[in-house]
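Biologist: Could you take me through this model, please? I should like to ask about a few places in turn.
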Amino acid sequence: MSHHLVIRVIAKLLIPFILLFGLYVQFHGDFGPGGGFQAGVIFAVAFVLYALVYGLDNARRIIPDRYIRAGIALGVLIFAGTGVVAMFLGGNYLDYSVLAHDPPHGQHLGIFVVEFGVGLTVASVMVAIFFAFAGRGHKIDEKEG
Amino acid sequence: MITTHLPALQIVVPLVSAPLCVLLGKARLAYALALIVCWAVFGISVLLLGQVLDNGVISYRLGGWAPPWGIEYRVDPVNAYVLLIVAAIGALVITYAKPSVAKEIGSGRETLFYTSYLLCLTGLLGVTITGDAFNIFVFLEISSLSSYVLISLGQDRRALTASFRYLIFGTIGATFFLIGVGLLYQATGTLNIADMANRVALLAENRTVQAAFAFMAVGLAVKAALFPLHAWLPNAYAYAPSVVTAFLAATATKVSIYVLIRTYFTIFGPEFSFEVMTLGPVLMVLAILAMLVGSTIAIFQDDLKRLLAYSSVAQIGYMVLGLGFATVLGVTGGMLHLFNHALMKGGLFLALGCVFYRTGSVSIEAMKGLGHRMPWTMAAIVIGGLSLIGVPLTVGFVSKWYLLLAAIDSGMWWITIFILVSSLLAIVYVWRLVEAAYLSPSPEGAPSGEAPLVMLIPTWVLMLASVYFGVDTRVSVGVATRAAEFLLGAGS
């Protein structure tokens with residue numbers, strides 16, 4: 001798409017705002033509509049747009065496959081780990097009430113952290129799926145580490 | 001503190017270690033983690049069974065929300081028993097896995113394998129432990145999705161189509177189950193199984209409940225590969241990596257059968273299932289057909305993994321036959337066969353994995369003269385084969401004995417004929433194997449020598465267990481009887 005100057009410039013302008021909107025949907029999710037799933041998809045869209053306009057290889061240079069993999073795993077780990085922390089603080093698994101000084105704040109904090117985990121995994125998975133489909137022929141890197 | 005959290009830890013430990021395997025990245029580290037975790041999970045399941053047998057039902061509130069609103073993990077004699085089976089097989093198979101995985105799956109994908117394996121284990125244990133109908137669906141999907149990945153890791157490219165086919169069938173089955181749960185939720189307003197059971201008892205004439213029953217029964221029959229809904233199973237088992245076949249054959253269908261049992265006996269109750277919906281004859285006819293057709297097709301297979309896969313279809317028939325009687329003896333027989341079949345089929349597939357490791361093939365051709373080239377592996381296969389037939393002193397005999405007793409006890413002595421015919425068919429396919437291995441000469445230049453000890457030992461542990469529980473039936477029959485009494489007592 002190197003000759004589509006308008007698209008290239010507009011995409012470059014839009015991407016920061018898409019990322020910012022993704023973060024807004026993520027972290028404003030407990031006051032307004034939103035949450036990890038929606039935010040993750042919006043956040044991933046920025047990378048998909050970049051890949052569409054500037055090419056898959058450039059996008060892959062920005063986020064190498066191993067970071068995407070780590071993101072997928074880390075999100076799940078954050079969600080499950082929050083539950084484990086609650087367990088260490090004396091509650092049942094996933095009982096966020098014990099996470100802060102009083103139960104409402106604990107629940108708030110718990111959901112906040114857990115949704116971040118969801119957002120991270122969803123964004124990484126979306127990008128991974130896009131890369132996998134777009135990069136058919138040269139597969140998603142399966143070399144270790 | 002630890003003991004009160006055991007039900008959660010049973011699921012959380014493998015769940016957390018699955019993403020850790022990805023982050024570790026190195027195959028050796030991932031294997032070490034998976035090995036430790038699987039044995040820890042086994043330890044937890046042993047402790048849970050002990051707690052349940054001593055103190056009765058354990059209820060764990062996930063997130064501190066009280067049932068029936070929150071998700072409840074509920075451990076009773078039935079699922080503590082199934083948890084133990086799944087965790088034990090999980091631990092033995094992972095111990096065996098390393099050389100086989102390195103050879104069949106190849107470098108680069110090994111960490112992916114261990115991650116999927118742990119996720120699959122998480123899903124299977126989750127289905128078993130949870131006391132929430134919707135949660136069953138969620139865990140069912142976790143285990144199914146990871147098992148599609150596991151199957152597609154097979155060397156043969158046909159593994160991909162087998163996996164895709166299983167994906168279609170599995171999704172249909174899970175969707176049917178979910179539709180059933182949705183209808184039940186509409187009729188009862190609850191998702192907690194214990195609460196649901198109380199409310200369903202008052203709604204026996206309700207069409208919504210009856211439709212829910214039909215959807216759930218069919219959906220679970222697909223997941224359990226009950227004849228004639230078994231079409232996904234033979235290819236999936238035949239083309240998956242050896243380790244995966246052994247693991248899934250010994251756990252996945254068993255867990256589906258467990259959910260069937262839960263649905264028939266706990267959610268709907270034996271009276272509704274067997275009197276209002278007259279499930280008994282349906283199950284028995286399908287079970288007998290599964291036994292006869294599965295065993296007959298098995299005779300004509302040249303690929304031994306396919307042969308054993310069709311034999312699994314037949315063995316699932318035995319389990320379902322036991323449930324069909326809906327008596328304590330029958331359900332004991334079914335539950336017993338669940339355990340016994342996990343031992344023998346798990347062991348047999350592990351032994352075939354050893355054969356594949358050495359010879360690179362599991363066709364009947366490759367078996368020629370194997371009795372002399374791999375004496376220990378072949379001896380294990382023979383013990384497993386005897387158990388499939390139901391020779392006395394093996395576990396296969398014990399469960400068939402209970403099924404025979406149940407048939408006579410229910411006044412349906414003619415069913416014993418079908419059990420005997422199916423056993424005779426089993427003799428034919430096991431004999432084909434034995435004949436090739438012991439009575440045919442080895443081809444020139446055939447690879448020789450045993451599989452590594454780390455593969456042989458888990459195989460033999462399962463085989464020796466299948467002989468031990470065939471002789472000393474106190475533990476297995478005792479637990480199965482308690483589970484059956486609990487199921488039939490709790491429902492009425």
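Biologist: Which residues does L226(B) touch, leaving aside those up to four places away in sequence?
Modeller: In this predicted model, L226(B) touches A221(B), L286(B), A290(B), I316(B) and V320(B).

Biologist: How many residues does the largest nonpolar core have, and which have the most contacts inside it?
Modeller: The largest nonpolar core has 238 residues, and A34(B) and L226(B) are those with the most contacts inside it.

Biologist: Which helix gives the largest share of this core?
Modeller: Helix α14 of chain B, residues 328-359, contributes that share, with 18 residues.

Biologist: Where does this core lie with respect to the domains of chain B?
Modeller: Residues come to this core from both domain 1 (1-272) and domain 2 (278-492) of chain B, so the core lies between them.

Biologist: How far apart are the C-alpha centres of domain 1 and domain 2 of chain B?
Modeller: Those C-alpha centres lie 22 Å apart. In the contact, 40 residues are from domain 1 of chain B and 46 residues are from domain 2 of chain B.

Biologist: Which elements give two or more residues to the side of domain 1 of chain B that touches domain 2?
Modeller: They are α3 (77-104), α9 (233-239), α10 (242-267) and α11 (269-276) of chain B. The largest share of that side comes from α10(B), with 14 residues.

Biologist: How do the residues of that side divide into nonpolar, polar and charged?
Modeller: The side of domain 1 of chain B that touches domain 2 of chain B has 26 nonpolar, nine polar and five charged residues.

Biologist: Let us stay with α10(B). Is α10(B) largely enclosed or exposed?
Modeller: Of the 26 residues of α10(B), 26 are buried, so this helix is largely enclosed by the rest of the structure.

Biologist: What distance does α10(B) reach from its first C-alpha to its last?
Modeller: With 26 residues, α10(B) reaches 36 Å, close to the 38 Å expected at 1.5 Å a residue.

Biologist: Where is the kink in α10(B) centred?
Modeller: The kink is centred on L248(B) and is about 40°.

Biologist: And what is the phi of G269(B), which follows α10(B)?
Modeller: The phi of G269(B) is positive, near 85°.

Biologist: Turning to chain A, how many helices and strands does chain A have?
Modeller: Chain A has five helices and zero strands, and its pattern along the sequence reads α-α-α-α-α.

Biologist: What box do the C-alpha atoms of chain A fill?
Modeller: Taken along the principal axes, the box is roughly 60 × 35 × 15 Å. Of the 145 residues of chain A, 35% count as buried.

Biologist: What share of the contacts in chain A between residues at least 6 apart in sequence join residues at least 24 apart?
Modeller: The share is 61% of those contacts.

Biologist: Is D57(A) buried or exposed, and why?
Modeller: D57(A) has 10 other C-beta atoms within 10 Å; a residue with 12 or fewer counts as exposed, so D57(A) is exposed. D57(A) is placed in helix α3 of chain A, residues 56-62.

Biologist: How far apart are D57(A) and G90(A) in space?
Modeller: D57(A) and G90(A) are 48 Å apart, C-alpha to C-alpha, and 33 residues apart in sequence.

Biologist: Last topic: how many residues do chain A and chain B each give to their contact?
Modeller: The contact takes 21 residues from chain A and 20 residues from chain B. On the side of chain A that touches chain B, ten residues are nonpolar, six polar and five charged.

Definitions and conventions: Residues are numbered from 1 along each chain as its sequence is written. Chains are lettered from A and ligands numbered from 1 in the order in which they are written. This is a predicted model: local features need pLDDT of at least 70, side-chain atom pairs count only at pLDDT 80 or more; totals for chains, interfaces and linings use all residues. Domain bounds come from an automatic or database domain assignment. Two residues are in contact if their C-beta atoms, placed from the backbone, lie within 7 Å. Helices (H or I, at least four residues) and strands (E, at least two) are DSSP runs, numbered from the N terminus. Ala, Val, Leu, Ile, Met, Phe, Trp, Tyr, Cys and Pro count as nonpolar, Asp, Glu, Lys and Arg as charged, and the others, Gly among them, as polar. A residue is buried if 20 or more other C-beta atoms lie within 10 Å of its own, exposed if 12 or fewer, and partly exposed in between; C-beta atoms are placed from the backbone. A nonpolar core is a set of buried Ala, Val, Leu, Ile, Met, Phe, Trp, Tyr and Cys residues joined through C-beta atoms within 7 Å. The expected span of a helix is 1.5 Å times one less than its number of residues. The bend at a residue is the angle between axes fitted to the seven residues ending there and the seven starting there.
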